[in-house]
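Dear colleague,

I am handing over the structure we spoke about, and it follows directly below. After it I set out what was found, with the terms explained as they come up.

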Amino acid sequence: MFAVFRDLIRYNIEFAIGLVLVGIVVIFACLSFFSPVDPSLIYTTIPDQPPSAQFWFGTNSRGQDMFWQLSAAFRNSLVFGFTVAVLSRIISIAVGLTAGYLGGWVDRVLMFINDIFVAVPIFPVLVLFYFVLRNNMDSLTLALIMACFGWPFDARLIRSVALGLKHREFTRHAVFAGMSTRKVLLEEHLPYVMPIVFSTFMNNMLWSIGLEVTLAVLGFTNINNPTIGTALYWANSHSAMVVGVWWWIVIPVILMVMTFIGLFLLAMSMNEYIDPRSRLRRMGA
Amino acid sequence: MHGYLVFVGKRLLQLLAVIFFGVSATFLVTHLSPINPVEAALGRMTARSVSNPEAITAMRAALTELYGVNEPIWSQYINFWSRLVQGDFGPSLLAFPTPAMTLVMRALPWTVTLLTVATLITFAIGNVMGGLAGYNQNNRFLKAFGLVAIGIQPIPYYVVAFILLILFGFVWPILPISGGFAMNVTPGWNWPYISSVIQHATLPALSLVLVGFGGWFLGMRALVSNVVTEDYVTYAELAGVKRTTIVGSYVMRNALVPQLTALAMALGGVFSGTVITEQVFNYPGLGSLLIDAVNAGDYSLVLAVSSVSVTAVATAIFIVDLLYPILDPRVRAE
Amino acid sequence: MTQNNNAEILKVEGLKAYYQMNYFGVEREVRAVDDITVTMRKNEVYGIAGESSSGKTSFIKVLAAAIRPPLRVVAGTAKYNFASGPIDVAHATPEEIEAVRWKHLSYIMQGSMSVLNPVRRIGKTFQDFAQRPLGLKGAEFESRVVNHLARLNLSPDVLRAYPHELSGGMRQRVTIGLATVCHPEFIIADEPTTALDVVVQKEVLSLIRDIQKEMGASVVFVTHDMSVHANVADRVGIIYAGRLVEEGPTRDMFFAPKHPYTAHLVASLPRIGDRQQRPALEGRPPNLADPPQGCRFHPRCPLAVDKCRKEVPPLETIGPDHRTACWRWKDVEPLVNVSAPSGEMA
């Protein structure tokens, strides 16, 4: 696995750029562990200060130091995306491997459910949850709900790989050796789908953080919890752009774009690594 | 023909299942929560100083009848469906006493039009450019186009829409940034109205296109660079078949087949994007209606918008799925 | 062997075609076709045999005027003598090639399963391929195609079908139909029978043979399968490591090969009632980026002497129509005892 990463960094410029972008954002987010201020407090410093040596990212109209505010926001958003990705990976691996390996009616039923989830537009559903839960809607609840909608695409992908694995020699050996279905799936098949799991992991984070931003911007999450989305929400509600506090909007947008492009490049280059046909193309063969 | 009918039947079954599960989920989410919908809605209504007692009494009656909160949940569920089939979600709170369904039906054409036009443009631009980029891999312009696609594609709808809003609202105000049409025109089949509608739809559509085309571009480019190595393409090139025919009917045509499946799968996401875009540009569609309804605590309207959008998206996916066998003769035969 | 004195349709002289590649700044040159001189006659089937990566595919690409980078013609000519006039496909402009493509020079590609566009009706494909070279439109074109298909035992209904609706054999016949509908003078058939089952293979071979005889076309038939050559070819040329090593009438090639490599290829054919241990050829085909000095076959040759390691043997004429490039051709014996059958082979 490490060799794979080393090769990717060395030969795949997209992967290297993605890694650098995501790395910067992750380091920035980790700085929040050393934050001198509590990001949930307001009016801890002079409001509306432009970026300077003292306030690197300026301060906002709520009297918060944007540097520490955004650091906490990015940490929360990344943790959120990570949680959704882990949870939805578990569902997609379980469904994908089971459907692919068992086949038959189990496969048909699971894929039928899968297709239903694909067809349900998630945004109105999330809004509905917010509408019902209102302020009880915290990050973890949101992550759970989104995990329930974030698996079907990848489950299908994993299933297609599992279908191919089913007829391979080693599977037959394992079955003859008396391995239980659960063991075959976890010990024999899981390693084969791990590359897909990693690549879709990035895509899934992209998707969930993006949705969180969207919901938060509209005020449909817990707006007192600093995240990328709520940072923009507060900036909007104070009409930051209109009153000239541009750094309140521009800096988080730049950081956010870095995060998204970084994650996307990682996902894309890992995807190419998995699909050898596109790798050959890259080498000019 | 028989094969096609079986195919349609299967898809229709799936469509009904999606609508059934989607709408049931809508019901469950709202009914399994500890909040009493009637009192919550009324409380929010009075909190927003809508204190017309007649409205409140009518509302309480309507809501209690609609949600039947005193009955067991399964009978509430049956009641919910029987009303839903008639398209009756009760009166809207936002514009009492207009039925929620009327508001939804008023907003639906705006969203459907915006979504359809933007999706068609996005799909066309992304696939044509992506196809060309896959076929002419050394073309510099198309390479640059690919970089732009990679750059914009992962950015959330909201941010792109917001950047456009700033660009065209403050920096270079040439396009209207809010509403569905200008105040001074009369809706109808007259040119001032139509041109006003087109102008107002430009920015929302542009933001949808900008975010959307990258995915199609990258997908098509990858597909085409696989298809060009297929024997039938090499053979057609060897036979001196016209280049335009090769690119169109041999390469792109084959690469388009999986892209159509992708379109069906992407529609749900595009719908979510439309909701945001409408909000940013204050566009009078379902998205704006949904957000207004949530903010006003309008229970019936939220339920109506959710149910209708689940149904609409599922139907759109169904229609795209029906096109699939037309594009791929191999499906027809099965 | 009655067509010996027929006019030439193709004359290849001193042809060299190399792959020139640039890997991370390092120039690499693969000499896929290295100095081939050969002529092909009107109305004959010329078989080309050789292992994979012997350069036969690259040679065919030049003949088919499908030279694309990184493949480049470095020297020599490949002149066709078509009814429309002579053309050197190694140096012709795209327009000149366009003018002879399919009308005079056509191609049957390997892999009948995948050469037809899966989402296009056969009739449409015929239009794409043949309408321009034939210069016919509408009903006239249609009747020409239908007549041609009838000759191939295909009903006009296939024109409305998609490839997946046809059987493997039908698809192969459609491909042959595509390549021959314009009555080309020269047909290149690149492994047209590989991956077909034996029964279909036989049908396809006799079909190509029939069509060729009927239209008086010349066919270059490429396959690594010597038994196929025994069945269809009038003459056979053997390519080894980018060079023509032996060429002669099919009969002579099988019963009196004069190159150790040919002798080996013939000996490796399975025979009924054969109990002999088959002599295996040691080693592998040489790397064309760095071919061995002297005769390129010498590292694997059982007869190799010092001279073979140093000097390149010329292609000498050693009998009627029979040429070989071996210093020791007089010592080459068939590796297995084959007695000439009484009947004609082809």
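Two residues are taken to be in contact if their C-beta atoms, placed from the backbone, lie within 7 Å. This is a predicted model, in which local features need pLDDT of at least 70 and side-chain atom pairs count only at pLDDT 80 or more, while totals for chains, interfaces and linings use all residues. Residues are numbered from 1 along each chain as its sequence is written, and chains are lettered from A and ligands numbered from 1 in the order in which they are written.

How the chains meet

Of the two pairs of chains in contact, chains A and B share the most contacts, whereas no contact joins chain A and chain C, whose closest C-alpha atoms lie 9 Å apart. In the first of these interfaces, 41 residues of chain B are in contact with 36 residues of chain A. On the chain B side, two or more residues each come from H1 (2-32), H7 (157-171), H8 (191-227), H10 (243-280), H11 (286-296) and H12 (299-327) of chain B, where helices (H or I, at least four residues) and strands (E, at least two) are DSSP runs, numbered from the N terminus. H1(B) gives the most to that side, with nine residues. By class, the side of chain B that touches chain A has 27 nonpolar, 14 polar and no charged residues; here Ala, Val, Leu, Ile, Met, Phe, Trp, Tyr, Cys and Pro count as nonpolar, Asp, Glu, Lys and Arg as charged, and the others, Gly among them, as polar.

The contact of chain C with chain B takes 20 residues from chain C and 18 residues from chain B. The side of chain C that touches chain B divides into eleven nonpolar, four polar and five charged residues.

Chain B and the nonpolar cores

Chain B has 13 helices and zero strands, and its C-alpha trace spans about 80 × 55 × 40 Å along its principal axes. Of its 334 residues, 45% count as buried, that is, with 20 or more other C-beta atoms within 10 Å of their own (12 or fewer would make a residue exposed, and anything in between partly exposed, with C-beta atoms placed from the backbone). Among the contacts in chain B with a separation of 6 or more, 74% are between residues 24 or more positions apart.

A nonpolar core is a set of buried Ala, Val, Leu, Ile, Met, Phe, Trp, Tyr and Cys residues joined through C-beta atoms within 7 Å. The largest nonpolar core holds 255 residues, of which B:Val251, B:Leu290, B:Val302, B:Val305 and C:Val220 touch the most other members. Leaving aside residues up to four places away in sequence, B:Val305 touches A:Pro124, B:Val104, B:Leu286, B:Leu289, B:Leu290 and B:Ala293. Apart from the largest core lies another, of 14 residues, including A:Val95, A:Ala99, A:Trp151 and A:Ala162.

Chain C and its sheet

Chain C has ten helices and twelve strands, and buried residues make up 43% of its 346 residues. Eight of the strands form an open sheet with mixed pairing, in the order S6-S7-S8-S3-S9-S10-S12-S11 (chain C), two strands being paired if DSSP finds at least two bridges between them. S6 (105-108) and S11 (316-319) of chain C stand at the edges, each with a single partner strand, so one side of each is left without a neighbour in the sheet. The twist averages 25° from one strand to the next, with axes taken as lines fitted to C-alpha atoms (for helices over the stretch in contact) and angles running from 0 to 180 degrees between N-to-C directions.

Within this sheet, S8 (residues 218-222) of chain C is mostly covered, five of its five residues being buried. C:Ser218, C:Val220 and C:Val222 point one way from S8(C), and C:Val219 and C:Phe221 the other way. Strand S3 (residues 45-49) of chain C runs parallel to S8(C) and is joined to it by four bridges, with C:Val220 as the bridge partner of C:Tyr46. Strand S7 (residues 186-190) of chain C also pairs with S8(C) in the parallel sense, over five bridges, and C:Asp190 stands opposite C:Val222.

With best regards
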